[in-house]
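Colleague: I have a new model open and would like to understand the words people use for it. Could you walk me through a few of them?

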Amino acid sequence: MEALEVQRIRGTNDLVPPEDAQLRALGSALRNHFELYGYRGADTPVLETLDLFLRKSGEEIAARMYTFTHWNRTLCLRPEFTASLMRAYVNHLQDRPLPVRLHYAGATFRYEKPQRGRYRQFTEVGLECIGGQGPSADAEVLASACGALDAVGLRHYRVVVGHLGVVLELLRQLGIDEHGQALILANMETLTRRRADPTAVLTRMLSQMGVNPDLNDDAPDLDASIDNSSSPLPSLLAEFGSAGAARVAEDLLSRADLALEGGSRTPNEIVARLLAKAGRNDPTEQVRQATDFMIRLRALAGRPDEAFTRLEGLLAEYHLDCAPLREVERALTLFESYVAGTTDLTVDLSLGRGLRYYTGLVFEIYHDGANRIAESNVGRSTNGARPDGGTAMAGAGISQICGGGRYDDLVRALGGRQSVPACGFSFGLERVALALQAEGAQGFPARPVDVLVVPVTDADEPEAIGLAQQLRAAELSVEYDVRLRGVKSALRHADRQTIPFVVICGERERSESRAIVRNMRSRTEHQVERADLIALLRGGP
Amino acid sequence: MALPSKGMEEQTLDFLRSCGLRVSRTNPRQYRATIPALEGVEVLFQRANDIFSKVDEGSVDLGITGYDIVREHRREEDGTIMLLPALGYGACALVLAVPEGWIDVTGVIDIAEISAELRSHGRDLRVATKYPNLTRQFLFDHGINYFTLVESSGALEAAPALNAADVICDLVSSGVTLRENRLKRIAGGTILDSQACLIGNRAALARCADKLEITRHLLELVEAEMRSREYLSLTGNMRGDSAAEVARRVTSRADVAGLRGPTISQVYPKIGDEEGWFAATVIVRSTLLLKAVDALRRAGAGEVSATPLRYMFEQKSWSFEALRRHLNVRAEDE
């Protein structure tokens, strides 16, 4: 029985020549550009502990990760680089003088529905400026991203710049707890998208925050009176104080013969949490205010000159600090010193990113693919993940090719000795390649084979191999005819592979220390002295 | 075709019998049988858990098993097609249940908080389950990231009491077992609603016309039988001048005038009785039974009889159409 063909896993790609060389060359070109800014290459393992990404990357990413248990340890394939590089920084580089500039490229994995430009294994190419502080570093990072795109010849991309500081300050001002803040930030993208239904998003967020939990799946034991709004516990708590209330609660429960046990939680823990929960305020109003604010922020997005004035007005209305706005303004002013002012830029303070660790300036770069810019889709993706992570706008051909920003808390969250400001970004390499392709750019040609060396008989092999090695030493790309099919079929092979020269080593050439060179384009043959061979081949056909 | 032994066996046989697909075996302890109405079909009785893998690997072509089992064991691009996801029996739900004593817990959000709280004390929330894939995805989807799955095939309900786990994810039908083990369900804690379902092996159905035809036969009968449960046939006798005039009276109420309209036939009275009687027959949704009876009364019917339908065929079997489209699309892909 014939063996069944084994297929590749859905959402992954096989790169065959010349695609592999093209993609590698594109990656190298981007990284070479980063080196002009003093970034140096770094690499981290594909395998990490799951915990690394749960620390700060955001809860929802876990559901899209490849995780598995191997000998009782929970491991994962990295869904992005930043957390890994920061871990490496904390592990090895904390004593280095700041900033530490690192660039990287490699495979990353996310379990998402595959579509054009969105793969489950994709390549991130990016950089991190660890210790880079304030607008100066932000501007450099943004400029190096745009510069790298310019360097590889991409023209029609758009940059959207935001800053999480404004929204974070508002959330703190409204007294929304950390869990709620994280949730709202995670939903920011969905909330401010065109045609989003804010009420639906609000309801979903509130239910995720434990307000009016979804009761439509009928848990029969569920007693609606446990709902905080009708519970006497908050007033009890107010009257007796938390210690008193705990005593009352415990006493009542033991009278009701309700065993406060199960699993590994102690009765004290359970009562303490019950009271803590009862003491919480209903966050509905605050969350509503926050979502309203974000929608207004979104409406004020636009070109920097217009957006800044309008945003100042809004921040004043909410009594919010204008510092984040000043930071963006300063970063964009500096940015102009890097580039010749032709970049398509939008300022949008409602720009959220799929990953939780961002704290300051954030940005995304979009490309409109083969289609013209659809007016209605000004610069927004369908979710805020990194370029790979599912942001290709279905149908419109708009894809996010880059995302990044500032994450000042990450080093600390990963166990760093002190808090270190940092910022960076990553490109989705496959998406940049698709964008270039859509623009009809030349791309990066794979290195061609310069010459095919053919022994006439197997007796000529040692001589032919020696010759091939000499040519390789002269940096020529040499194919050697390992199949020993004879001169005629070797010539046919060279023709089909468009190899410009064939060098033939036979007995006579061997004795005369010469070689026959056939120019496949002009279909001419010359007897050439060994000494002149390299010069001739370098001259090209 | 594989049918579940134990657990769902009786219900499955009843279900098939009601569809006109009596399973015939010489002795109830035998693991092989036939369905006389489906020629060429051999029936194998298997454990519901094994049926999915048998169908998936293609050692049997069709199978009835639990929807929960299929969802837990499915892979992308596997060899299985879901033919009918809900056969209307064997209902249960995969739910997250916590100890009754956790009085601070009412919803899934509480579990997320507790998992984070335990983590900050260096402990992991332990979740006992026989459904690791569905459970893991559910927990991740609900922001519960710190947990250890305790895979257990024994009595899960006892795990929290034995301190082998904190919470469990298990199948529940009535909830009695949970209560007896001092566990409770929580809001938003339903991972999956499940019932018996019919699955098939993709390659077998795509390759073999005979098997596809048998599948069509099966789907037609099952679908028509399940649809027929929603309808009743009502017949009322009433006086009238003509069939057309009776029809006008009956159709004046559109919602109970039958699917396409009433069938009116003449009643030939016993000798000596008055002439001019007609029987109006309409097929109505069972939920509209009394409304329809009232409407027939208002139209002049004295007595109304209601009969269940055996089958209710539509223009075509929609589930078979879906299957054929699915197989065609794949054929074009390849």
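**Helices, contacts and domains**

Modeller: Happy to! This is a predicted model, and its chain A holds 19 helices and 16 strands.

Colleague: Why are α7(A) and α11(A) called oblique to each other?

Modeller: Look at the angle. The axes of α7 (residues 178-192) and α11 (residues 284-299) of chain A cross at roughly 40°. Under 35 degrees would count as roughly parallel, and roughly perpendicular runs from 65 to 115. The crossing fits neither class, and therefore α7(A) and α11(A) are oblique. Their axes come within 10 Å, and the crossing is right-handed.

Colleague: Which residues make the contact between α7(A) and α11(A)?

Modeller: From α7(A) come A:G180, A:I184, A:M188, A:L191 and A:T192. On the α11(A) side you will find A:V287, A:A290, A:T291, A:M294, A:I295 and A:R298.

Colleague: What makes up that contact of α7(A) with α11(A), by class?

Modeller: Seven residues are nonpolar, three are polar and one is charged. Arg counts as charged, and Gly is placed among the polar residues.

Colleague: How much of chain A is buried?

Modeller: Of its 541 residues, 41% are buried. To earn that word, a residue needs 20 or more other C-beta atoms within 10 Å of its own.

Colleague: And what about chain B: which domains is it divided into?

Modeller: Domain 1 covers 2-90 + 195-228, domain 2 covers 92-193 and domain 3 covers 231-308. Taken over C-alpha atoms, the centres of domain 1 and domain 3 of chain B are 40 Å apart.

How values were computed:
Residues numbered from 1 in each chain as written. Chains lettered and ligands numbered in written order. Predicted model: local features only at pLDDT ≥ 70, side-chain atom pairs only at ≥ 80, totals over all residues. Axes fitted to C-alpha atoms, helices over the stretch in contact; angles between N-to-C directions. Helix = DSSP H or I, 4+ residues; strand = E, 2+ residues; numbered from the N terminus. Parallel < 35°, antiparallel > 145°, perpendicular 65-115°, else oblique. Left-handed = near helix turned anticlockwise from the far one by under 90°. Contact = placed C-beta atoms within 7 Å. Buried ≥ 20, exposed ≤ 12 C-beta atoms within 10 Å, placed from the backbone. Domains from an automatic or database assignment.
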